[in-house]
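This briefing walks through one protein chain, topic by topic. Please keep the sequence and the model open while reading.

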Amino acid sequence: MTNQISSKFDDDDINDDELLAACNDDITTKKPALTVPIVEISSFGFPFEPYQIQVDFMRSLYSTLQQSKHGIFESPTGTGKSLSIICGSLRWLFDEIQSWKHEYEELSKPIESKNDSSSDDWLKRIMKRKEEEVIREKRRDELKVKIDLEDQYANASKNTLAASIKKTMTNQRSSKFDDDDINDDELLAACNDDITTKKPDLTVPIGI
């Protein structure tokens with residue numbers, strides 16, 4: 001520091017205030033912190049009405065992921081940490097993928113030509129436009145890779161789940177379906193027949 005600003009300071013003359021002032025001259029202004037919108041409770045897909053501690057947990061997790069930060073979360077035993085992590089992170093992942101697709105669509109649109117009546121060199125304007133197109137194309141390619149990869153994962157997960165359900169339903173309903181005859185509509189209909197929403201039995205025996 002002394003070598004860099006020797007014209008302004010001698011080594012023995014540097015005090016804290018002058019040192020900080022000199023450093024501030026060299027510090028690049030950081031980008032403002034990303035504003036994270038408050039996520040609606042219903043959008044987390046929580047399977048039942050969440051407690052406030054679970055809402056705060058999911059929103060804090062979402063905000064941390066959105067800002068690409070590291071987070072350490074803790075909550076008392078029995079407060080639904082695992083479910084809060086699943087719902088909060090999946091909500092963020094869904095929104096992140098949707099933002100990729102939206103940005104990709106925007107970058108795929110042609111750049112609007114602006115009527116520039118300034119006296120700037122026309123060649124500079126053309127070069128600037130070319131640079132913008134190169135940057136947009138590079139970003140488009142990055143997003144395309146992410147979107148394609150996510151689609152592959154989603155399809156693989158869907159096929160794995162469908163195969164597992166199909167195998168189970170074939171064993172349970174061999175008289176109704178042959179393995180090759182089961183399509184997605186029949187599979188879903190068969191699954192819906194077996195799904196019954198049950199409330200936990202909270203009856204306490206008397207005399208215990």
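Where is Thr79 found? Thr79 sits in the loop between H2 and H3. The model is a predicted one. The chain holds 5 helices and 0 strands. Its pattern along the sequence is α-α-α-α-α.

**The chain as a whole**

- The protein chain has 208 residues, and buried residues make up 16% of them.
- Its accessible surface comes to about 17200 Å². Carbon and sulfur atoms account for 53% of that surface.
- Among contacts with a separation of 6 or more, 52% are between residues 24 or more positions apart.

**Thr79 and the H2–H3 loop**

- Thr79 has a relative accessible area of 17%, so it is buried; the cut-off for buried is under 20%.
- A polar atom of the Thr79 side chain lies 2.6 Å from the backbone oxygen of Pro76.
- Leaving out residues up to four places away in sequence, Thr79 touches Ile53 and Gln54.
- Gln54 is also one of the buried residues of H2.
- Ser68, just after H2, takes a positive phi of about 55 degrees.

**Helix H2**

- H2 covers residues 52-66, which is 15 residues.
- From first C-alpha to last, H2 reaches 21 Å. That is close to the 21 Å expected at 1.5 Å a residue.
- The buried residues of H2 are Gln54, Val55, Phe57, Met58, Leu61, Tyr62 and Thr64.
- These buried residues pack against helix H3, residues 81-108.

**Helix H3**

- H3 has 28 residues and should span 40 Å at 1.5 Å a residue. Its end C-alpha atoms are 40 Å apart, so the span agrees with the expected value.
- The buried residues of H3 are Ser84, Cys87, Gly88, Arg91, Trp92, Ile97, Trp100 and Leu107.

**Nonpolar cores**

- Which residues form the largest nonpolar core? This core has 7 residues: Val39, Phe44, Phe46, Met58, Tyr62, Cys87 and Trp92.
- H2 and H3 each supply at least two residues of this core.
- Another core, of 5 residues, lies apart from it. Its members include Ile97, Leu107, Leu143 and Ile147.
- Ile97 and Leu107 are among the buried residues of H3.
- Cys87 belongs to the largest core. Leaving aside neighbours within four places in sequence, Cys87 contacts Phe44, Gly45, Phe46, Pro47 and Met58.

**Salt bridges**

- How many salt bridges does a search of the whole structure find? The search finds 6.
- Lys109 pairs with Glu106, with the closest N and O atoms 3.2 Å apart. Lys109 is partly exposed at 44% relative accessible area. Glu106 is partly exposed too, at 36%.
- Glu133 and Arg129 meet in a salt bridge at 3.6 Å, N to O. They are 4 residues apart in helix H4 (residues 122-172), so about one helical turn separates them.
- Glu133 is partly exposed, with a relative accessible area of 33%. Arg129 counts as partly exposed at 33% relative accessibility.
- Asp148 forms a salt bridge with Lys144, and their closest N and O atoms are 2.8 Å apart. Asp148 and Lys144 also lie 4 residues apart in H4, so they too are separated by about one helical turn.
- Asp148 counts as partly exposed at 29% relative accessibility. Lys144 is partly exposed at 35% relative accessible area.
- Why can pairs with this spacing face each other? An α-helix has 3.6 residues a turn, so residues three or four places apart point the same way.
- Glu103, Arg139 and Glu142 are linked in a network of salt bridges.

How values were computed. Residues numbered from 1 in each chain as written. Predicted model: local features only at pLDDT ≥ 70, side-chain atom pairs only at ≥ 80, totals over all residues. Heavy atoms only, no water. Expected span 1.5 Å × (residues − 1). Buried < 20%, exposed > 50% of the residue type's maximum accessible area, 1.4 Å probe, protein only. Contact = heavy atoms within 4.5 Å. Areas by Shrake-Rupley, 256 points an atom, 1.4 Å probe, with all protein chains shown as cover. Core = buried A, V, L, I, M, F, W, Y, C linked by side-chain atoms within 4.5 Å. Polar contact = N/O pair within 3.5 Å; in protein donor to acceptor, adjacent residues only side chain to side chain. Salt bridge = Lys/Arg side-chain N within 4 Å of Asp/Glu carboxyl O.
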